[in-house]
Amino acid sequence: MSERARDSLRNVILISSAGAGKTSLAEAMLFASGVVPHLGSITQGTTVSDFEPEELHRRSSVSTSLLRCSWKHTTINLVDPPGAMALLGETVMALRSVDAVVLVISVSSGIRSDLVRVWSHITTLGLPCLLFLNELDKEKSSLDNACAICQRDLGLTPLPMSLPYSCGGHLEGVLDLAQDVLITSRAETPLHQQLPIPEDARVLAADGRKRIQESVAECDDRLLEQYLAMGELTQEDLIEGLRIATRTRAVIPLYSGSAMNNIGIIPLLNAIVDLLPSPMDRPSTTSFEGLHPDTGEPVHRRAICEDPFSGIVFKTLIDPFVGRLSFLRVLSGVLHADSMVFNSSRGRKEKSGHLYTVLGKKHTALSSAGAGEIVAIGKLKDTQTGDTLCDEQAPICYPKPVLPRPVLSFAIEPKSNADMEKISLGLHKLIEEDPTLEFSRHADTKEMVLSGMSQWHIDLALEKLRRKYGAEVVLHMPKIPYRETIRATAHAQGKYKRQTGGHGQYGDCWLELTPLPRGEGFKFENRVVGGAIPRNFIPAVEKGVIEAMHHGSVAGFPVVDCRVAVYEGSYHTVDSSEIAFKIAASMGFKKALETAHPVLLEPIMSVEVEAPADHIGGVIGDLNARRGRILHVEAKDQMEQITALVPMAELLMYATMLNSLTAGRGSYAMEFTKYDEVPHELAVRIIEANKVDIHASAH
């Protein structure tokens with residue numbers, strides 16, 4: 001790709017909360033630029049972005065899609081990730097593929113917590129941004145209120161670049177303040193009209209244009225001198241000043257309109273071309289810095305075709321019929337179809353298949369792709385989302401972004417035995433598509449557990465599992481992996497004696513059980529002296545103890561934090577064997593356990609909760625009611641962050657409650673930290689419930 005072609009390229013991601021109109025805006029941009037002949041509808045399932053059955057059924061994006069259009073001789077790659085907070089991982093990965101952002105804000109729904117979280121990622125990456133205020137055709141919509149909300153929730157002061165223009169109570173078009181014209185359009189046709197500013201809007205437009213000139217002049221000393229001397233900026237200086245201010249994030253331009261009615265789209269398309277950077281304009285940021293996979297030394301790449309090839313895979317799609325597609329942003333160099341590449345994240349060579357440009361579900365083959373391009377690669381076997389592909393002779397590995405961890409888990413069971421293999425295969429494929437899902441088999445509870453960001457997220461995964469892989473499952477709450485331990489030292493003899501025809505069985509050992517500090521696990525000691533038990537039988541004693549520890553005496557849970565010492569015993573020269581001492585040790589352990597004051601332990605999670613300050617009291621009260629121990633509370637941007645220790649059993653459905661307490665604006669992350677003793681009253685209920693479960697399973 002030539003420098004001129006790369007300069008005529010824009011890679012832009014559309015960001016919004018669910019339902020704010022992001023997909024409708026993408027459709028309007030395709031329509032206005034002539035890519036599609038009709039304006040698609042989400043409710044009718046006719047948009048280019050949403051084509052998977054789950055998207056058509058839910059009327060909401062559930063996967064990142066790629067779109068492509070051309071405006072003013074410039075190619076625009078649009079990346080459209082889902083807006084749902086449960087699919088935040090898709091957005092975090094997609095941000096690595098672009099050079100700029102269009103943030104879509106709905107007049108009716110405002111700014112939700114998920115948008116605030118994404119904005120922090122955008123700010124960290126330093127991506128230039130445009131705002132689009134959608135649904136200005138609705139009643140009681142207000143541009144001033146929207147600006148105030150942006151200031152309050154995102155900490156930014158947007159600069160209005162277009163103003164809604166209504167006639168007879170209906171939104172007719174927008175006043176393009178940069179070009180000083182009225183632009184009208186209709187949903188029935190991509191054609192638009194540029195008209196002089198009407199008389200009744202001239203004062204409003206003049207004030208808005210003056211505010212733009214002042215804001216731009218304040219960002220540049222030369223322009224400020226010109227503005228103070230002449231009272232205004234030339235059109236060329238205004239656009240150039242806007243371009244520099246936008247790319248340095250000194251200014252956040254705000255455009256407005258109605259995506260569903262194709263109003264306000266033209267000024268936005270102009271701004272993407274005129275104000276946002278091409279791949280060549282991006283400075284050397286962390287996006288283009290990596291490490292040598294062998295030495296760990298810093299390595300740099302420039303967004304030019306002359307540098308060695310490198311790129312980041314930001315999305316994986318796996319279809320049982322079409323196969324695997326990897327979405328790649330080429331950061332440097334040139335990638336050729338059907339060529340050998342090096343996956344530096346995994347240390348493996350890969351043969352890339354065909355290269356494609358993507359427009360929704362339509363793929364167009366390419367022979368090569370240069371720095372700055374976003375393409376799909378077919379048939380990469382080992383490459384997964386977040387991996388770096390590069391030239392093996394000039395390796396580089398880019399850091400993977402930190403994705404949100406799952407917060408809700410369900411145990412899953414196949415509806416039929418025939419579904420068992422399908423479930424395992426299908427879920428592993430779905431996790432390759434969505435790394436924020438987790439699937440595991442718990443050794444303690446013998447359950448298959450699927451974890452996700454919300455109930456909605458898990459339901460979506462199971463819907464895909466059924467459609468793509470024909471596997472159906474039943475959900476239920478996962479079992480808590482309780483443990484047992486002891487609080488006192490105890491001694492007991494384990495003696496196994498069995499006489500049969502021929503050789504008998506004989507094993508005899510004395511054991512001492514001693515409690516260990518929490519988290520120490522299990523220790524075994526041999527204190528036998530004088531040959532009371534031959535040394536070759538000691539390993540069998542240890543094995544017998546370990547097997548007996550799998551089922552404690554309180555409720556049948558594994559025993560932990562215990563030291564077991566064998567210190568005495570006896571043997572028979574003919575009848576003693578390893579199996580006899582193994583059984584004897586198991587008997588001795590169980591007998592000693594009963595007098596060692598056994599107690600029940602539960603897993604304790606370290607939880608970090610973020611919630612708006614006006615909801616913090618309710619959140620803390622709820623955590624206390626869940627037997628939580630608040631460690632500290634601190635202010636974090638526009639939110640409050642609570643750190644607490646809470647039993648896992650109290651957090652199984654916490655995501656639902658937190659949404660209710662914070663009006664959907666709260667979020668949390670948790671990880672296991674330790675085991676702690678269960679309060680006596682609760683332990684009694686758990687023991688009784690476990691006895692019922694054991695009795696039921698036996699029958």
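This briefing describes two sheets, a pair of helices and an aromatic pair in one structure. The model is a predicted one. One open sheet consists of seven strands, and another open sheet consists of four. Helices α13 and α14 lie against strands of the four-stranded sheet, while helices α7 and α8 meet one another.

**The seven-stranded sheet**

- The strand order of this open sheet is β2-β3-β1-β4-β5-β11-β6, and its pairing is mixed.
- Its edges are taken by β2 (65-71) and β6 (159-160), each of which has a single partner strand, so one side of each is left without a neighbour in the sheet.
- Strand β1 (residues 9-15) pairs with strand β3 (residues 74-80) in the parallel sense, over five bridges.
- Asn11 has Asn77 in β3 as its bridge partner.

**The four-stranded sheet and its helices**

- In this open sheet the strands follow the order β29-β30-β32-β31, again with mixed pairing.
- The edge positions belong to β29 (490-498) and β31 (522-526); each has a single partner strand, so one side of each lacks a neighbour in the sheet.
- On average, neighbouring strands of this sheet are turned by 25° against each other, direction ignored.
- Five bridges join β31 to strand β32 (residues 562-570), and the two pair in the parallel sense.
- Opposite Lys523 stands Arg563 in β32.
- Helix α13 (residues 538-548) packs on the sheet and touches β30 (505-515), β31 and β32. The direction of α13 makes about 150° with that of β31.
- Helix α14 (residues 578-594) lies across β29, β30 and β32, and runs at about 35° to β30.

**Helices α7 and α8**

- The axes of helix α7 (residues 202-217) and helix α8 (residues 221-230) come within 8 Å and cross at roughly 135°. Because of this crossing, α7 is oblique to α8.
- On the α7 side, the contact is made by Lys210, Gln213, Glu214, Val216 and Ala217; on the α8 side, by Leu223, Leu224 and Tyr227.
- Five of the contact residues are nonpolar, one is polar and two are charged.

**Aromatic pairs**

- The structure has five aromatic pairs. One of them joins Phe314 and Phe327 in a tilted arrangement, with 6.2 Å from centre to centre and 55° between the planes.
- This pair links distant parts of the chain, as Phe314 is in strand β14 (residues 310-319) and Phe327 is in strand β15 (residues 323-332), 13 residues apart.
- Phe314 and Phe327 are both buried.

Terms used: Residues are numbered from 1 along each chain as its sequence is written. This is a predicted model: local features need pLDDT of at least 70, side-chain atom pairs count only at pLDDT 80 or more; totals for chains, interfaces and linings use all residues. Side-chain values use heavy atoms; hydrogens and water are left out. Axes are lines fitted to C-alpha atoms, for helices over the stretch in contact, and angles run from 0 to 180 degrees between N-to-C directions. Angles under 35 degrees count as roughly parallel, over 145 as roughly antiparallel, 65 to 115 as roughly perpendicular and the rest as oblique. Contact means heavy atoms within 4.5 Å. Ala, Val, Leu, Ile, Met, Phe, Trp, Tyr, Cys and Pro count as nonpolar, Asp, Glu, Lys and Arg as charged, and the others, Gly among them, as polar. Rings of Phe, Tyr and Trp (its six-membered ring) pair if their centres lie within 6.5 Å; planes under 30 degrees apart count as stacked, over 60 as edge-to-face and the rest as tilted. Buried means under 20% relative accessible area, exposed over 50%, partly exposed in between (1.4 Å probe, protein chains only). Two strands pair if DSSP finds at least two bridges between them.
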